[in-house]
Amino acid sequence: MRRLKRAGFWLLVGAILLFCLFPFYYALVSSLRPPAELFEPAWLPRDWTLANYAAVFSQQPFGRNILN
């Protein structure tokens, strides 16, 4: 009975951890996708790109916005 309680506890902890960390995973993976692939249901992008990060720093005054 004690092992069952312990297993249930760790299963609950794992589920809560997954629930809390999934948004960070999704944000990171979405930022590495090209815009055409953004709404395709996949765990990992087919084509990895850093163009989204380059666009943030070249098209917006991102450094100034962070300072503000």
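**Notebook: exposed rings and a spread-out helical chain**

I began with Phe57, which I find exposed because its relative accessible area is 56%, over the 50% at which that word applies. I note at the outset that I am working on a predicted model, and that every value I enter below is computed from it. Phe57 belongs to helix α2. I also looked up how Phe57 stands to Phe24: the two are 33 residues apart in sequence, and their C-alpha atoms lie 21 Å apart in space.

**Entry: the patch around Phe57**

Which residues make the nonpolar surface patch? I find Leu28, Leu50, Tyr53, Val56, Phe57, Phe62 and Ile66, which together form a patch of about 690 Å². The elements that contribute two or more residues to this patch are α2 and α3, the latter running over residues 62-67. Helix α2 supplies the largest share, with three residues.

I then checked two of the other members one by one. Leu28 sits in helix α1 and is partly exposed, as its relative accessible area is 48%. Leu50 lies in the loop between α1 and α2 and counts as exposed, because its relative accessible area is 60%. For the same Leu50 I recorded a distance to Arg33: the two residues are 17 apart along the chain, and 8.2 Å separates their C-alpha atoms.

**Entry: aromatic pairs**

I turned next to the rings, where a pair requires ring centres within 6.5 Å and planes over 60 degrees apart count as edge-to-face. By this rule I count five aromatic pairs. In the pair of Phe9 and Trp10 the ring centres are 5.1 Å apart and the planes stand at 75°, so I enter this pair as edge-to-face. Phe9 is partly exposed at 47% relative accessibility, whereas Trp10, at 54%, counts as exposed.

The rings of Phe22 and Trp43 have their centres 6.2 Å apart and their planes at 80°, so this pair too is edge-to-face. This pair links distant parts of the chain, since Phe22 is in helix α1 (residues 2-31) and Trp43 is in the loop between α1 and α2 (51-59), with their positions 21 residues apart. Phe22 is partly exposed, given its relative accessibility of 35%, while Trp43 is exposed, with a relative accessible area of 64%. I further note that ring pairs join Phe22, Tyr25, Tyr26 and Trp43 into a cluster.

**Entry: a salt bridge and a buried serine**

How many salt bridges does the structure hold? I find one. Side chains of opposite charge can pair when their charged atoms come close. Here the partners are Glu40 and Arg46, whose side chains meet at 2.6 Å, N to O. Glu40 counts as partly exposed, because its relative accessibility is 33%, and Arg46 counts as exposed, because its relative accessible area is 59%.

Is Ser30 buried or exposed? Ser30, which is found in helix α1, counts as buried because its relative accessibility is 15%, and the cut-off for that word is under 20%. Leaving aside residues up to four places away in sequence, Ser30 touches Leu38 and Asn52.

**Entry: the whole chain**

Last, I looked up the overall figures, to set the local entries in context. The protein has three helices and zero strands, and from the N terminus on its elements run α-α-α. Its radius of gyration is 19 Å, well over the 11 Å that the globule rule gives for 68 residues, so I describe the protein as more spread out than a compact globule. The C-alpha trace spans about 60 × 35 × 15 Å along its principal axes.

Among the 68 residues, buried ones make up 12%. Of the contacts with a separation of 6 or more, residues 24 or more positions apart account for 3%. The accessible surface comes to about 6,300 Å², and 72% of that area belongs to carbon and sulfur atoms.

I close by returning to the starting point: Phe57 is exposed, and Phe57 is one of the residues of the nonpolar patch, to which its helix, α2, gives the largest share.

Terms used
Residues numbered from 1 in each chain as written. Predicted model: local features only at pLDDT ≥ 70, side-chain atom pairs only at ≥ 80, totals over all residues. Heavy atoms only, no water. Phe/Tyr/Trp six-rings, centres within 6.5 Å; stacked < 30°, edge-to-face > 60°. Buried < 20%, exposed > 50% of the residue type's maximum accessible area, 1.4 Å probe, protein only. Helix = DSSP H or I, 4+ residues; strand = E, 2+ residues; numbered from the N terminus. Contact = heavy atoms within 4.5 Å. Patch = residues over 30% accessible without salt bridge, like charges linked within 9 Å, V, L, I, M, F, W, Y side chains within 5 Å. Areas by Shrake-Rupley, 256 points an atom, 1.4 Å probe, with all protein chains shown as cover. Salt bridge = Lys/Arg side-chain N within 4 Å of Asp/Glu carboxyl O. Rg over C-alpha atoms; globule rule 2.2 N^0.38 Å.
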